[in-house]
Amino acid sequence: MRIGLLGTGPWADMAHAPALRRHDGLEFVGVWGRRASAAEELADRHGTRAYADVDALLADVEAVAIALPPAVQAESAVRAARAGRHLLLDKPLAATVAQGRSVVEAVRASGVASVVFFTARFQPETEAWITEQAAVDGWFTARAQWLGAVFTGDSPFADSPWRREKGALWDVGPHALSVLLPVLGDATRVTAAAPGPGDTLHLVLDHAGGASSSLTLSLSAPPAAAGAAVELRGRAGVTLLPESAEGPVPALMRAADALLASAGGGQPHPCDASFGLRVTEVLAEAETLLNGR
């Protein structure tokens with residue numbers, strides 16, 4: 001499959017471009033960015049072509065991977081879907097529910113495949129654990145901590161305007177939800193949302209399966225405290241999400257595998273744009289509570 005990349009930031013450079021270049025089933029045709037000079041630099045580093053016009057890139061490919069801020073991603077995804085291009089998207093799907101719905105509507109109307117890259121969902125240990133726990137009845141409660149040091153360490157994402165604006169809720173919140181929802185069922189209600197230090201926040205959710213969960217999310221954790229953990233408790237006892245030391249590139253290559261399979265067989269992937277929209281809806285509900293509206 002011929003694929004192009006939209007975006008030239010650190011995530012595009014360290015994850016998307018290497019994954020697209022290395023994948024045997026993809027031909028990495030080129031990259032477009034909002035800054036032509038950045039697109040040229042990224043293209044040179046990864047042995048591909050820089051496009052000055054996004055429509056010219058869309059005309060040369062069958063699919064696009066998007067590594068852009070959420071609001072820009074949503075607009076670009078709609079444009080690509082309407083052009084009949086399959087979508088390898090990043091989380092969060094969009095910055096608002098309305099934007100997310102526009103992506104889902106464009107995907108459905110065009111009949112293209114979509115996969116949203118929730119990193120943990122494409123790590124073998126995590127996905128196997130989720131599948132195993134989703135088959136277990138009687139989960140009572142869950143606790144998830146997704147703590148990053150983006151704003152307190154030397155992260156290349158520290159100056160990201162959208163992360164500064166939207167914070168941990170929209171950056172790492174999707175990761176936690178991508179693990180909890182397939183195990184405990186959809187979030188029927190965000191029952192509480194409270195701020196913590198920095199951009200840290202605490203959420204409590206009710207789930208369709210009858211369990212409740214608590215989430216602690218942050219991009220402001222001390223570097224020594226950063227990390228992710230998920231604990232489930234229920235009739236079967238206690239289980240912890242297994243750790244993975246794998247970087248993002250192999251996981252993103254598996255997400256590309258999923259896109260190829262969905263595009264070839266017509267079966268939606270569990271992490272498609274519709275799931276990305278549902279995650280966006282939960283995030284927006286939590287944001288409303290945090291803002292006191």
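This text walks through a predicted model, moving from its core to one helix, then to its aromatic rings and its salt bridges.

The largest nonpolar core has 99 residues, and among these Leu5, Val103, Leu215 and Leu217 touch the most other members. The element that gives the most to this core is helix α10, residues 273-290, with eight residues. Leu5 shows what such a position looks like in detail: leaving aside residues up to four places away in sequence, its contacts include Ala12, His16, Ala17 and Leu20, and also Phe28, Val31, Trp32, Leu42 and Leu57.

Several of the residues that Leu5 touches, including Ala12 and His16, are also among the buried residues of helix α1, and that helix is a convenient next stop. Helix α1 runs over residues 10-22, and because 13 residues at 1.5 Å a residue should span 18 Å, the 18 Å between its end C-alpha atoms agrees with expectation. The helix nevertheless has a kink of about 35° at His16, shortly before the proline Pro18. Its buried residues are Ala12, Ala15, His16, Ala17, Pro18, Ala19 and Leu20, so that the residue at the kink is itself buried, being under the 20% limit on relative accessible area. What covers these buried residues includes the strands β1 (2-6) and β2 (27-32), the helices α2 (36-45) and α9 (248-265), and also β4 and β5.

Helix α1 also takes part in the aromatic contacts of the model, of which there are four pairs. In one of them, Trp11 and Phe157 meet edge-to-face, with 6.1 Å from centre to centre and 65° between the planes. Trp11 lies in helix α1 whereas Phe157 lies in the loop between β7 and α7, so this pair ties together parts that are 146 residues apart in sequence. With a relative accessibility of 15%, Phe157 counts as buried. The rings of Phe117 and Phe122 have centres 6.0 Å apart and planes at 35°, so their pair is tilted, and both of these residues are buried. Ring pairs join Trp11, Phe117, Phe122 and Phe157 into a cluster.

Charged side chains provide another set of links. Side chains of opposite charge can pair when their charged atoms come close, and the structure holds 14 salt bridges. In one of these, Lys91 and Asp171 have their closest N and O atoms 2.5 Å apart. Lys91 sits in the loop between β5 (86-90) and α5 (97-110), while Asp171 belongs to helix α7 (residues 161-171), so the bridge ties together parts that are 80 residues apart in sequence. Both Lys91 and Asp171 are buried, and together with Arg163 they are linked in a network of salt bridges.

Another bridge brings together the side chains of Glu231 and Arg143, at 3.3 Å from N to O. Glu231 is in strand β11 (residues 227-234) and Arg143 in strand β7 (residues 139-147), so parts that are 88 residues apart in sequence are tied together by this pair. Glu231 is buried, with a relative accessible area of 14%, whereas Arg143, at 34% relative accessibility, counts as partly exposed.

A further bridge joins Arg49 to Asp60, with the closest N and O atoms 3.8 Å apart. These partners are 11 residues apart, Arg49 in strand β3 (residues 49-51) and Asp60 in the loop between α3 (54-59) and β4 (63-66). Arg49 counts as partly exposed at 47% relative accessibility, and Asp60 counts as partly exposed at 28%.

How values were computed: Residues numbered from 1 in each chain as written. Predicted model: local features only at pLDDT ≥ 70, side-chain atom pairs only at ≥ 80, totals over all residues. Heavy atoms only, no water. Salt bridge = Lys/Arg side-chain N within 4 Å of Asp/Glu carboxyl O. Helix = DSSP H or I, 4+ residues; strand = E, 2+ residues; numbered from the N terminus. Buried < 20%, exposed > 50% of the residue type's maximum accessible area, 1.4 Å probe, protein only. Core = buried A, V, L, I, M, F, W, Y, C linked by side-chain atoms within 4.5 Å. Contact = heavy atoms within 4.5 Å. Expected span 1.5 Å × (residues − 1). Bend = angle between axes of the 7 residues up to and from the residue. Phe/Tyr/Trp six-rings, centres within 6.5 Å; stacked < 30°, edge-to-face > 60°.
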